[in-house]
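Hi everyone, thanks for making time this morning. I'd like to walk you through a structure, so please have a look at the screen.

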Amino acid sequence: MTTLTLSSADPTGLKVDALVIGIANGNGAPSLLPGAEPVDAALGGSLTTTLEQLGATGKADEVTKLPAGGATKAAVVVAVGVGTVAEGGLTLEAIRRAAGAAARALKGTASAAFSLPADVPDRAGAVAEGVLL
């Protein structure tokens, strides 16, 4: 059974197996989405550079896993791409698809925290739908 919990806690302190953050495609390079800031700070501000070195671009549904190295309580940080963000901003469908791609990549993982943009109820709902679908 899947259980979802909404939390405003710092994601780096959550006792989970994996921590999911979002990235967008900014001219072929990853760009961190809101929600990734605490993870980037825990990693000394090197998250974008590390993702680039691993070949991450932020394209839609792209999943890149990297060890947290003790910087977070989660052993693994998972960056999931939403594609290019248009002038109108990040769409609910992009958030839903990204959450789903990450959830599929984490099949068999006991617990995960999703620190994707969920600043309004519709976005939080899109994350939940993506995880459950």
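Let me start with a word I'll use a lot: buried means under 20% relative accessible area, exposed means over 50%, and partly exposed is in between, using a 1.4 Å probe and protein chains only. One more bit of vocabulary: helices (H or I, at least four residues) and strands (E, at least two) are DSSP runs, numbered from the N terminus.

Now, some ground rules. This is a predicted model, where local features need pLDDT of at least 70 and side-chain atom pairs count only at pLDDT 80 or more, while totals for chains, interfaces and linings use all residues. Residues are numbered from 1 along each chain as its sequence is written, and side-chain values use heavy atoms, with hydrogens and water left out.

Let's begin with helix 3. Which of its residues are buried? They are A94, I95, A98, A99, G100, A101 and A102. The helix has 14 residues and spans 20 Å from first C-alpha to last, close to the 20 Å expected at 1.5 Å a residue; that expected span is 1.5 Å times one less than the number of residues. And what covers those buried residues? The cover includes strand 1, strand 3 (63-67), strand 4 (76-81), strand 5 and helix 4. By cover I mean contact, that is, heavy atoms within 4.5 Å.

On to helix 4, residues 121-132. With 12 residues, helix 4 reaches 16 Å, close to the 16 Å expected. Buried here are R123, A126, V127, G130 and V131. Looking down the axis of helix 4, these buried residues fall within an arc of 130 degrees, so they line one face; the arc is taken from the directions from the helix axis to the C-beta atoms. If you want the background, an α-helix has 3.6 residues a turn, so residues three or four places apart point the same way. The face turned away from the buried side of helix 4 carries the exposed residues P121, D122 and L132. Helix 3 (92-105) and strand 5 (112-115) are among what covers the buried residues of helix 4.

How do the two helices meet? The axes of helix 3 and helix 4 come within 7 Å and cross at roughly 35 degrees. Helix 3 brings L92, I95, R96, A99, G100 and A103 to this contact, and helix 4 brings D122, R123, A126, V127, E129, G130 and V131. Let me pick out A103 of helix 3. At 21% relative accessibility, A103 is partly exposed, and beyond four places in sequence A103 touches F114 and V131.

Finally, let's visit two threonines. T12 sits in the segment before strand 1, and T72 in the loop between strand 3 and strand 4. T12 is buried at 13%, and T72 is buried at 7%. Leaving aside residues up to four places away in sequence, T72 touches T12, L19 and A42. On the same basis, the contacts of T12 include P38, V39 and K73. The side chain of T12 also makes a polar contact with the side chain of D10 (2.8 Å). Such a contact is a pair of N or O atoms within 3.5 Å; within protein, one must be able to donate a hydrogen and the other to accept it, and residues adjacent in sequence count only if both atoms are side-chain atoms. As for T72, a polar atom of its side chain lies 2.7 Å from the backbone oxygen of A74.

Definitions and conventions: Axes fitted to C-alpha atoms, helices over the stretch in contact; angles between N-to-C directions.
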